[in-house]
Amino acid sequence: MIALAIAVALLRSAPDVLQSHIDTSVDPGVDFFQYANGGWFRKNPIPPAESGWGIGNLVRDELYARQLAVNKKAASGRFPEGSDDQKIGDFWVAAMDEAKAEQVGLKPLAPWLTKIDGVATTRDAISVGFALQELGVRPFFNVDVYQDEKRSDVMSLHLSQGGLEMPGRDYYLDSEPRFATIRGEYLKYIAGILELSGGSGSDAPGVLKFETALATVSRKIEELRDTDRNYHMMPLAEVQAKLDPSIPWVEALATWNLRPKEVVVGQPEFFSGLETLLAATPPADLRAYLRFHLVSQFAPYLNKRAEALSFDFNNRTLSGQKEPQPRWKRALEAENSAIGFILGKSFVKEYFPPASKKRYSDLIEAFRRTYAKRIDRLAWMSPATKAKAHHKLATMVKKVGYPDRWKDYSALKIGRSSFCENMIAASQWSFRDEISKFGKPVDRKEWDITPQTFNAYYNPSNNEIVMPAAAFAIPGLKDSEIDEPLLYGNAGASWIGHEMTHGFDDQGRQFDFRGNFADWWTKEDAAQFENRAALMVKQFDGYEPLPGLHINGQATLGENIADYGGLLLGLDAFKESKSYKEGKKIAGLTPMQRFFLGYDLSWLREQTEQSLTRGLKSDVHAPAKWRVNGPLSNLPDFYEAFGVKPGQPMWRDPSLRPDIW
Ligand SMILES: [Zn+2]
C-alpha cells in the first residue's frame, strides 16, 4: 500500500510523465527500453506482493482504490435483493470474511467432492468431468460455444484440447532444469491439495503422469494459431464413433440442452489420444486428477491452508511473487472476474465522459483514414487484394469505452454465505450464459472484457476492435492533460493502431470483412506477405530474454506484426497532427521523441524471472522490452529522433526490416 502510494505520488508530482522515466545513463541506440524506463524502474522495484510492476498495475491500483469505496458503501447499506448494490455489497462482505472461510472449510465443494469419491470406472470419471465443466473447471478437454470461424453468423459448439493445470505443455515436457524443478514443486502442490481435500498425497504422481500424457498429445502454442488446421467440422456422431467411443458426447451434451448435429473439433488427434489415455489410466488416478482440478481451481477462495498451498505454487513458484496480495485486493480481483460488468457501470459513469468517448472515436477514424492511405501506397500488393483490404478496413467495427448494452446478471445469486460459494455461483452462471448462446443469433454487440480492463482486442469473427475505457488511462494524468504526441504514441500507436493491424496480421488477414475465414488474397500477394512476415519471425526468434530461453517468433508473430503496424500507422497519423507540424518541444523532448516514448509507456513493465518464463512459454505476446525494442529498431524515424547510428543494437540493416503494412 505504502509503496503504491509513493509510486502514484511520484508520477503525480513528476514534471513530465515521459521525461521523469528516462535513464540518461543509457544510450537509446543501445537499449531504448532501458533508456525510456530505467529511471522509473530504479525508483519502483517490483513489490513483494506482485510478479511484475508497471503501468498496468498502477491503472489497476487506481481502479481498486475507487472500487474499495464503492464496495464498502454497498456493504453498509440495505438494497433490494438482486440489485447491483446488493450483489456488490454481499460479494464484498463474504469475500472479506476470513473467519467464515475457516468455518466452512471445504464444505462449498462438498457436492462435487462426493461425486468424485464415487468414481469407480473410467465412465464415471468422464461423467464427473462433464459436471465440473459447469463450474468452469475444465478437466480432460474444453467445451465452448462461440462464433463459427467459417460462418460468423452461427454460434457453434467447439471442442478443443485442454485438461492441463500448469501454464503450457512445455512445463510438462521441457527437459531444461528450471522446468524439472517446477515439476518437483508441482508434485508437492498436487499432494498438498489432495491431502487437504480428503484424498491421498501418494496419488500425486499418477495425476502428473496423466497430465504429462495429455501434454504429449497437445499441440504447441504456435500450432494453435493456425485457424485452418484447428478447425474440423465433424458430425457429433462421428466424434463419438471415431475419436472417443468411451466419451458419451451425445448424452452428456444433451443434459445441457445441446443437441448439435455437427461440432468444430480443434485438434482431432488430441481427442483420439485422450481416448487411448483414458483406457490406459486406472480410475483411481482419474479420481485424484478430478479432485485436484476442482480443489485447485477454488483454493484461493477457501480457508487459509488452501490459500497458502495455491499461493506457494501458482504465485510463488510459477510467477515469482514473494508474498500474497492483501485480502481486499484479492477480493476485488475475484469480484471483477465474477461480476465485472456490474462494477464497470459506475466506473465509466465517473471516468469516461462523452467527451472522452468522442476523442477516442475520432482518433480511431483518423487511424482508419491513415491505414487506407497506406494500403494505397503498398508496392507489393495487387489492386485486386487492395480493394478487398479497403473494404475490410472500411467495415471494421469500433467499440469504444463501454458496451451499449450491459450484461444481464439477474439470474446470478450472490449472497453472504461464503466467498467460495459466490465464486461457484458466478462460474455456473458464466457457463450457462455461454452454453445458452448455442443455436441463437449472434449478438455482435457483446463485449468479452470489462471497460475497467487495461487491455483491448480485435475479434476477427466480428471484424471489430474493442477498446475499453481503462486502456487509454495514464496514471496521474487526466484525459485532458495528455498532450498530442503522447496521445498518438500511446492510445494511438500502441492501442488503436495495434488492434486495427490485427485485422491484417498473419491470422486476421485470413478472415474477410464479414468475419468469415475465407481467402481473399491472390496467391502472389499472400506469398509476398508470408515472405515479409518470415523476416519478423526470424527477428524475434533471435531474442533471448533469459539464458537459453528465446522468444517464439512464430507464436508471437501476430502480436509483433500488430505492434509494428500500430507504430507505422501512428507515425503517419501523427505527421498530420498540429503538434508535429509546429515542432514545439515539451519538457525538453521533440514531438517525435514524445511519440516514441508515448508508445513505450504502454509497455512500462518489469517482471520477475518466473513470470517472464511463464510468458515466454504460454503467451502469444513477446515480453514488454522486446515489444518496444523489436519494432522500433526497424524504424528510420526512430533512428532520427534519437540519433541512433548504423551498427548500434537498436539499428537494423534495411534488408532485415520486415516491410509489411
Ligand atoms: Zn494484440
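A residue is termed buried when its relative accessible area is under 20%, exposed when that area is over 50%, and partly exposed in between, as computed with a 1.4 Å probe on protein chains only. The structure is a predicted model, in which local features need pLDDT of at least 70 and side-chain atom pairs count only at pLDDT 80 or more, whereas totals for chains, interfaces and linings use all residues. Residues are numbered from 1 along each chain as its sequence is written, and side-chain values use heavy atoms, with hydrogens and water left out.

The zinc ion is bound by the protein donors His-498 (NE2), His-502 (NE2) and Glu-559 (OE), which lie 2.1 Å from it. Donors are here N, O and S atoms within 2.8 Å of the metal (3.2 Å for Na, K and Ca), and since water is not among the atoms, sites may look incomplete. Along the chain, the donors of the zinc ion follow the spacing H-x3-H-x56-E. Distant parts of the chain are thereby linked, with His-498 in helix H20 (residues 484-502) and Glu-559 in helix H22 (residues 557-575), 61 residues apart; helices (H or I, at least four residues) and strands (E, at least two) are DSSP runs, numbered from the N terminus. Both His-498 and Glu-559 are buried.

According to an unreviewed UniProt entry, residues 28-403 carry the annotation "domain: Peptidase M13 N-terminal"; UniProt positions are given in the numbering used here, feature names are shortened, and annotations may be inferred rather than shown by experiment. Over residues 28-403 the chain is 61% helix and 8% strand, with the end C-alpha atoms 40 Å apart.

An open sheet is formed by four strands in the order E2-E3-E5-E4, with mixed pairing, where two strands pair if DSSP finds at least two bridges between them. Strand E2 (141-147) and strand E4 (232-235) are the edge strands, each pairing on one side only, and the twist from one strand to the next averages 35°. Strand E3 (residues 155-161) and strand E5 (residues 262-265) run parallel and are joined by two bridges; in these, His-158 has Val-264 as its bridge partner in E5, and Leu-159 has Val-265. E4 and E5, by contrast, run antiparallel and are joined by four bridges, with Met-233 standing opposite Val-264 in E5.

Two helices are associated with these strands. Helix H11 (residues 236-243) lies across E3, E4 and E5 and runs at about 90° to E4, while helix H13 (residues 268-280) packs on the sheet, touching E2, E3, E4 and E5, with a direction that makes about 55° with that of E3. For these angles, axes are lines fitted to C-alpha atoms, for helices over the stretch in contact, and angles run from 0 to 180 degrees between N-to-C directions; contact means heavy atoms within 4.5 Å.

The loop between helix H12 (249-254) and E5 holds Asn-257, and Trp-256 is found in that loop between H12 and E5 as well. Trp-256 counts as buried because its relative accessibility is 10%, whereas Asn-257, with a relative accessible area of 60%, is exposed. Phi of Asn-257 is near 65°, a positive value in a residue other than glycine. Not counting residues up to four places away in sequence, Trp-256 touches Phe-130, Gln-133, Glu-134, Val-143, Phe-431 and Ile-435; the C-alpha atoms of Trp-256 and Phe-130 are separated by 9.9 Å, although these residues are 126 places apart along the chain. A positive phi, of about 50°, is also found for Ala-587, which is not a glycine and which belongs to the loop between helix H23 (578-582) and helix H24 (591-601). With a relative accessible area of 37%, Ala-587 is partly exposed.

Gln-428 is placed in helix H19 (residues 419-435) and counts as buried because its relative accessibility is 18%. Its contacts, not counting residues up to four places away in sequence, are Trp-112, Glu-134 and Leu-135. H19 is also among the elements that cover the buried residues of H4, which include helix H3 (55-76) and helix H16 (327-351). Those buried residues of H4 are Gln-86, Lys-87, Ile-88, Gly-89, Asp-90, Phe-91, Trp-92, Ala-94 and Ala-95. The 13 residues of helix H4 (residues 84-96) should span 18 Å at 1.5 Å a residue, and the end C-alpha atoms are 18 Å apart, which agrees; the expected span of a helix is 1.5 Å times one less than its number of residues.
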